Amino acid sequence: MKNNRFTRRNILGLATALSSFALTSTQTFAEISSHSDIVLSPKPKKIGIVLFNGFETLDVFGPVQMWGKLKDYEIVTVCQNGGIARSSQGLDTVCRYSFVDAPQFEILMIPGGGGTRKEVNNTVMLDFLRHQNRATEWTTSVCTGAAVLARAGILDNHRATTNKNAWVWATSNSKSVKWQPHARWVFDGKYVTSSGVSAGTDMALALVKQLYGQEIAQQTARLAEYVWNGDPTNDPFAIDSK
């Protein structure tokens with residue numbers, strides 16, 4: 001009988017403890033959920049990364065790494081028909097939007113890659129870029145993405161640069177652009193263009209500096225353990241275009 005009483009007493013104590021734990025757990029979960037709501041609240045502005053089959057992987061994900069934690073900007077992807085775009089390196093990336101349902105982006109970025117050879121003749125792409133550009137705060141490109149912007153007429157009478165290894169082809173897409181053969185990246189008004197592939201990461205940090213200051217840009221690079229080339233005139237791949 002004593003053993004039975006002891007057992008009942010322990011069961012009662014265990015039930016009380018579990019009840020208390022459940023209440024505490026519920027409160028903790030509610031608190032975590034509340035904090036999560038704050039962390040996951042929508043950011044007021046969007047960076048739209050334009051994708052297409054044959055985009056250069058680092059052109060996209062270098063800038064994404066540097067822009068991914070900006071307090072005011074959410075990064076989204078867009079391609080002509082939505083769905084999946086495959087990079088030159090074979091990486092499939094899901095596009096959140098199509099050209100039809102895309103919102104207006106505050107920052108627009110188009111990468112380069114072998115697929116730009118096709119996209120410079122894609123009237124749907126060119127029209128989408130023109131439409132977005134009317135209301136962007138910044139329109140940017142990496143590598144031969146500048147060739148697509150140039151073909152759309154967006155860079156007319158502006159200074160711009162592009163991949164030095166594809167210089168002849170890229171610059172042939174417009175004679176109205178003031179092409180810069182010696183530049184890691186170029187700011188001209190709201191237009192920001194960069195040289196080939198890895199230069200896009202330097203350009204992305206330069207835009208972080210423009211938006212949030214030098215210290216934030218340096219912190220962003222340091223967190224990525226990235227050695228930022230912060231000098232747009234330091235272009236180791238510059239060419240003599242004469």
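Contact here means heavy atoms within 4.5 Å. The structure is a predicted model. Its average pLDDT is 89, and 83% of the residues score at least 70. Residues 17–39 fall below a pLDDT of 50. In the model, this stretch makes 0 contacts beyond near neighbours in sequence.

Two packed helices are described by the angle between their axes and the distance between the axes. Helix α2 spans residues 57–67, and helix α7 spans residues 199–212. Their axes come within 8 Å and cross at roughly 25 degrees. Angles under 35 degrees count as roughly parallel, so α2 runs roughly parallel to α7. The crossing of the two helices is right-handed. On the α2 side, the contact is made by G62, P63, M66 and W67. These residues meet G200, T201, M203, A204, L205, L207 and V208 of α7. By class, the contact of α2 with α7 comprises 8 nonpolar and 3 polar residues. Charged residues are absent from this contact.

Aromatic pairing was examined next. The structure holds 3 aromatic pairs. One of them joins W138 and F187. A pair of aromatic rings is described by the distance of the centres and the angle of the planes. For W138 and F187, the centres lie 5.8 Å apart and the planes stand at 85 degrees. Planes over 60 degrees apart count as edge-to-face, and the W138–F187 pair is accordingly edge-to-face. W138 belongs to strand β6 (residues 138–141), and F187 belongs to strand β9 (residues 185–188). The pair therefore ties together parts that are 49 residues apart in sequence.

Notes:
Residues numbered from 1 in each chain as written. Predicted model: local features only at pLDDT ≥ 70, side-chain atom pairs only at ≥ 80, totals over all residues. Heavy atoms only, no water. Axes fitted to C-alpha atoms, helices over the stretch in contact; angles between N-to-C directions. Helix = DSSP H or I, 4+ residues; strand = E, 2+ residues; numbered from the N terminus. Parallel < 35°, antiparallel > 145°, perpendicular 65-115°, else oblique. Left-handed = near helix turned anticlockwise from the far one by under 90°. Nonpolar A, V, L, I, M, F, W, Y, C, P; charged D, E, K, R; others polar. pLDDT = per-residue confidence, 0-100. Phe/Tyr/Trp six-rings, centres within 6.5 Å; stacked < 30°, edge-to-face > 60°.
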